[in-house]
Each structure stands twice: as C-alpha cells, then as structure tokens.
Amino acid sequence: LMDLVPTEDIEITLQGIYYDLDKRDLRPEAKIVLDSVASILKNNPTLVIELASHTDSRAPADYNLDLSKKRAQSCVNYLVQKGIPKDRLQPVGYGETRLVNDCSDDVDCTEAEHQANRRTTIRVLRTDYKPKR
C-alpha cells in the first residue's frame, strides 16, 4: 500500500479495515491501516479521497446504509485526529449495495464471507487540493 501512487477513479479496499457485526468502532488493526493512509495523505498533500464503508446484507437495507455512513465517519474522525484536514476526506456509506460476493439477503454464507463485505474502501477523488489559508 505504501509504494502505491493512487490515481483518480481507482478504488482500493483497505486490507484490515473490517468491522464487527453491527459495530462502527475501529478495531486496533484498522487504526494501523488508517495510520498508513494518513502517511500517504501527508506525503501527497493534494489528494482528496473518498472513504466508502460497506456492510453485509444482514439487517434491513436502510439500517445498513446508516451504519455504513457511521463507519465511514469513524475513519474520517480518526484521520482528522491524525492531522488530516477534514475537507480532504469524503465519507460515504454504501450499505449493502456493493457486496463483494453473493451473500445477499437469504443466501447462506459463512461468517468469513459476510465479514468480507463489512469493509472500507478508498478512492482518490481529486489531486488538486489546496489548503484554505
């Protein structure tokens, strides 16, 4: 991840930013990954990124949409604490609309398969950020 020079419109799934069922809290391993994202952003001060969080299909879709927004906001809050300007971070929740596998409603899946859907991805939105003076 560290030697990656992101370009616009490439979505990167951050390995390690997964969530417990029905939770928005960042796990300790997620903070390590977000620390590396903070480093990339500090080394590339013109990047503006989207942090998109996703849920598995369990629970109603509208609930999952709300939960995914809270998860994305958890990532943003953490990065802001690390000194990244909030206006370089765009949290988005996709709920269960972008599953990475076939584990939709009423499909029998393993816990690991559901876990794969409870993730956060990043995508570079712009590369022309200028800090507000």
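In this predicted model, Ala59 sits in the loop between β2 and α2. The phi angle of Ala59 is positive, at about 90 degrees, although the residue is not a glycine. Most residues other than glycine have a negative phi. Ala59 is partly exposed, with a relative accessible area of 38%. A second residue with a positive phi is Asp106, which is not a glycine either and has a value near 65 degrees. Asp106 belongs to the loop between β3 and α3 (111–117). With a relative accessibility of 83%, Asp106 is exposed, because the cut-off for that class is over 50%.

The loop residue Ala59 is also among the contacts of Asn64, a residue of helix α2. Leaving aside neighbours within four places in sequence, Asn64 is in contact with Thr55, Asp56, Ser57, Arg58, Ala59, Gly95 and Glu96. With Arg58 there is a polar contact: the side chain of Asn64 reaches the backbone oxygen of Arg58 at 3.0 Å. Asn64 has a relative accessible area of 2% and is therefore buried, since the limit for buried residues is under 20%.

The secondary structure of the protein consists of three helices and four strands. Along the sequence these elements follow the pattern β-α-β-α-β-α-β. Within this pattern, β2, helix α2 (residues 61–81) and β3 form a β-α-β unit that is right-handed. Of the 133 residues in the protein, 44% are buried. Among contacts with a separation of 6 or more, 75% are between residues 24 or more positions apart.

Strand β2 (residues 48–54) is paired with β3 through six bridges, and the two strands run parallel. One position in this pairing is Ile49, which stands opposite Leu89 in β3. Six bridges also join β2 to β4, but here the strands run antiparallel. In that pairing Ser53 stands opposite Thr120 of β4.

The coverage of these strands was also examined. In β2, seven of the seven residues are buried. Side chains in a regular strand alternate between the two faces of the sheet. In β2, Val48, Glu50, Ala52 and His54 point one way, while Ile49, Leu51 and Ser53 point the other way, and all are buried. Both groups of β2 residues are thus covered, because every residue named on either side counts as buried. Strand β3 (residues 89–95) is mostly covered as well, with five of its seven residues buried.

Strand β4 (residues 119–126) contains Arg119. At a relative accessibility of 5%, Arg119 is buried. A polar atom of the Arg119 side chain lies 2.7 Å from the backbone oxygen of Arg98. Arg119 and Ala52 are 67 residues apart along the chain, yet their C-alpha atoms are separated by 8.4 Å. Ala52 is one of the buried residues of β2, the strand that is joined to β4 by six bridges.

A search of the whole structure for disulfides finds one. The disulfide is formed by Cys103 and Cys109, with sulfur atoms 2.1 Å apart. The angle about the S-S bond is -105 degrees, and the link is left-handed. Both partners are buried: Cys103 has a relative accessibility of 1%, and Cys109 has a relative accessible area of 19%. The value for Cys109 places this residue in the buried class because the cut-off is under 20%. Another cysteine, Cys75, is buried with a relative accessible area of 0%.

The confidence of the prediction varies along the chain. The protein averages a pLDDT of 87, and 88% of the residues score at least 70. Among the elements of the protein, β3 has the highest mean pLDDT, at 96, and strand β1 (residues 11–18) has the lowest, at 69. Where pLDDT is low, the predicted coordinates should not be read in detail.

Conventions
Residues are numbered from 1 along each chain as its sequence is written. This is a predicted model: local features need pLDDT of at least 70, side-chain atom pairs count only at pLDDT 80 or more; totals for chains, interfaces and linings use all residues. Side-chain values use heavy atoms; hydrogens and water are left out. Buried means under 20% relative accessible area, exposed over 50%, partly exposed in between (1.4 Å probe, protein chains only). Two strands pair if DSSP finds at least two bridges between them. A crossover is right-handed if, with the strands pointing away from the viewer, the path from the first strand over the helix to the second runs clockwise. pLDDT is the predictor's confidence in each residue, from 0 to 100. A disulfide is a pair of cysteine sulfur atoms within 2.5 Å. A polar contact is a pair of N or O atoms within 3.5 Å; within protein, one must be able to donate a hydrogen and the other to accept it, and residues adjacent in sequence count only if both atoms are side-chain atoms. Contact means heavy atoms within 4.5 Å.
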